[in-house]
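Here is a short briefing to read alongside the model. Have the sequence and the 3D view open, and let's walk through the fold together.

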Amino acid sequence: MPAKTKRSGVKLQLDSLTPQAYKQMAKKHEPSRPVLKNCLRAFVSGGLICLIGQAIQQFFMANFDMNPREAASPTVAVLILSSVILTCFGVYDKLAQWCGAGTAVPVTGFANSMCSAALEYRSEGIVLGMATNMFKIAGSVIVFGVVAAFIIGIVYIFLGHGGGHI
């Protein structure tokens, strides 16, 4: 089907374009990405999330007489709960648009992705909607985590840093 471009008025035969020619044409019209600005936003926002996590951990250590190891679990729980609440109110998605990868990397990003899937598919029911689609996202992350931990454990055993019972 012929298409007339706005700039030159030249008619193109879109059906006759090769995939390579289409990629070149699309690349010419693609807007440039502010890579440095996006990296800076991701760095600052990810660091701010980690700073908030550190402040929460210090709060638990100071007010509940916990050591850093004991304060780690409630800190993560508070960060996850905060992320889920912000996702439910639509705030986390707006933050993620501005911050980019800075909100996707920490545990809060994982909680956001699971909560978003649950909210999106809740109309299809609890089991076939929410649970199924929520764990499509979580499944790959959990499997990767288990496999990575296994491989790292094997490396530690061979390096002599772990597995004292072998």
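Helices (H or I, at least four residues) and strands (E, at least two) are taken here as DSSP runs, numbered from the N terminus. With that in hand, the protein chain of this predicted model reads β-β-α-α-α-α-α-α along the sequence. That gives six helices and two strands.

**The chain as a whole**
- The protein chain has 166 residues, and 18% of them count as buried.
- About 12700 Å² of the protein chain is exposed, with carbon and sulfur atoms supplying 69% of that area.
- Among contacts in the protein chain with a separation of 6 or more, 38% come from residues 24 or more positions apart.

**Helix α3 and its ends**
- Helix α3 covers residues 68-88, which makes 21 residues. From first C-alpha to last it reaches 30 Å, close to the 30 Å expected at 1.5 Å a residue.
- At the N-terminal end of α3 you will find N67 acting as a cap, with a side-chain oxygen 3.0 Å from the backbone nitrogen of R69.
- Just after α3 comes G90, with a positive phi of about 80 degrees.

**The buried side of α3**
- Which residues of α3 are buried? They are A71, T75, L79, S83 and T87.
- An α-helix has 3.6 residues a turn, so residues three or four places apart point the same way.
- The cover over the buried residues of α3 includes α2 (35-63), α4 (91-99) and α5 (107-120).

**N133 in helix α6**
- Helix α6 is home to N133.
- Is N133 buried or exposed? Its relative accessible area is 10%, and buried means under 20%, so N133 is buried.
- The side chain of N133 reaches the backbone oxygen of G129 at 2.9 Å.
- Beyond its neighbours within four places in sequence, N133 is in contact with A117, Y121, E124 and L128.

**Y156 and the nonpolar patch**
- Helix α6 spans residues 126-159, and Y156 lies in it.
- Y156 has 45% relative accessibility; since partly exposed runs between the 20% and 50% cut-offs, Y156 counts as partly exposed.
- Y156 also belongs to a nonpolar patch on the surface, together with V143, V147, F150, I151, I152, I154, V155, I157, F158 and L159.
- Taken together, the residues of this patch have about 1100 Å² of accessible area.

Key
Residues are numbered from 1 along each chain as its sequence is written. This is a predicted model: local features need pLDDT of at least 70, side-chain atom pairs count only at pLDDT 80 or more; totals for chains, interfaces and linings use all residues. Side-chain values use heavy atoms; hydrogens and water are left out. The expected span of a helix is 1.5 Å times one less than its number of residues. Buried means under 20% relative accessible area, exposed over 50%, partly exposed in between (1.4 Å probe, protein chains only). Contact means heavy atoms within 4.5 Å. A polar contact is a pair of N or O atoms within 3.5 Å; within protein, one must be able to donate a hydrogen and the other to accept it, and residues adjacent in sequence count only if both atoms are side-chain atoms. Patches are made of residues with over 30% relative accessible area and no salt bridge: like charges are joined within 9 Å, nonpolar side chains (Val, Leu, Ile, Met, Phe, Trp, Tyr) within 5 Å. Accessible areas come from the Shrake-Rupley method with a 1.4 Å probe; for residues, only the protein chains shown count as cover. A salt bridge is a side-chain nitrogen of Lys or Arg within 4 Å of a carboxyl oxygen of Asp or Glu.
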